[in-house]
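Please work through the exercises below with the sequence and the model side by side, trying each task before reading its solution.

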Amino acid sequence: MAEAQGTRAVDPSLVLLTVEEAARRLRIGRTTCFKLVRAGEIESVMVGRLRRVPPDALGTYVSELRRRPAEAV
């Protein structure tokens, strides 16, 4: 069903994710996810010339967000 909505399901057994796959899991935009990776807020590794995100880095990022004080809107 996710395929019909224009998104692909991400295999939960993957050891490393592309930045696009990480963005889909976080339900944020690709560009935003690249910015977070570039800023070091989401851990990533290089495999040759490819940037990859360990799946557990997403949980770490969300945990850090939850620890931050709420920003005034």
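The exercises that follow go from the reliability of the model to its fold, its salt bridges and a few single residues.

**Conventions**

This is a predicted model, in which local features need pLDDT of at least 70 and side-chain atom pairs count only at pLDDT 80 or more, while totals for chains, interfaces and linings use all residues. Residues are numbered from 1 along each chain as its sequence is written, and side-chain values use heavy atoms, with hydrogens and water left out.

**Exercise 1. Find out which residues have a pLDDT under 50, and set them against the chain average.**

Solution. Begin with the term itself: pLDDT is the predictor's confidence in each residue, on a scale from 0 to 100. The protein chain averages a pLDDT of 88, and 84% of the residues score at least 70. Over residues 1-5, by contrast, pLDDT stays under 50, and the model has two contacts (heavy atoms within 4.5 Å) for this stretch beyond four places in sequence. Where pLDDT is low, the predicted coordinates should not be read in detail.

**Exercise 2. Describe the order of helices and strands in the protein chain, and say how much of the chain is buried.**

Solution. Helices (H or I, at least four residues) and strands (E, at least two) are taken as DSSP runs and numbered from the N terminus. Counting them gives three helices and two strands, and reading along the sequence gives the pattern α-α-β-β-α. For burial, the cut-offs are under 20% relative accessible area for buried, over 50% for exposed, and partly exposed in between, with a 1.4 Å probe and protein chains only. By this rule, buried residues make up 23% of the 73 residues. Among contacts with a separation of 6 or more, 41% are accounted for by residues 24 or more positions apart.

**Exercise 3. Locate the salt bridges, and state for each which elements its two residues belong to.**

Solution. A salt bridge is a side-chain nitrogen of Lys or Arg within 4 Å of a carboxyl oxygen of Asp or Glu, and a search of the whole structure finds three.

1. Glu20 pairs with Arg30, with the closest N and O atoms 3.1 Å apart. This pair links distant parts of the chain, since Glu20 is in helix α1 (residues 19-26) and Arg30 in helix α2 (residues 30-38), 10 residues apart. Glu20 is partly exposed at 28% relative accessible area, and Arg30 is partly exposed at 47%.
2. Arg68 and Glu41 meet through their side chains at 3.0 Å, N to O. Here too distant parts of the chain are linked, with Arg68 in the segment after α3 (55-67) and Glu41 in the loop between α2 and β1 (45-47), 27 residues apart. Arg68 counts as partly exposed at 42% relative accessibility, and Glu41 likewise counts as partly exposed at 36%.
3. Arg67 forms a salt bridge with Glu64, with 2.5 Å between the closest N and O atoms. Both residues lie in helix α3, three residues apart, which is about one turn of the helix. An α-helix has 3.6 residues a turn, so residues three or four places apart point the same way. Arg67 counts as exposed at 61% relative accessibility, whereas Glu64 counts as partly exposed at 37%.

**Exercise 4. Which residues of α1 are buried, and what covers them?**

Solution. The buried residues in α1 are Val19, Glu21, Ala22 and Ala23. Their cover includes α2, β2 and α3. A residue of α2 shows part of this packing from the other side: Val37 lies in helix α2 and is buried, with a relative accessible area of 10%. Leaving out residues up to four places away in sequence, Val37 touches Val19, Ile42, Ser44, Arg51 and Val53. The C-alpha atoms of Val37 and Arg51, which are 14 residues apart along the chain, are separated by 9.2 Å.

**Exercise 5. What is the sign of phi at Arg27, and is this residue buried or exposed?**

Solution. Arg27 lies in the loop between α1 and α2. Its phi is positive, at about 60°, although Arg27 is not a glycine. Most residues other than glycine have a negative phi. Arg27 is exposed, with a relative accessible area of 77%.
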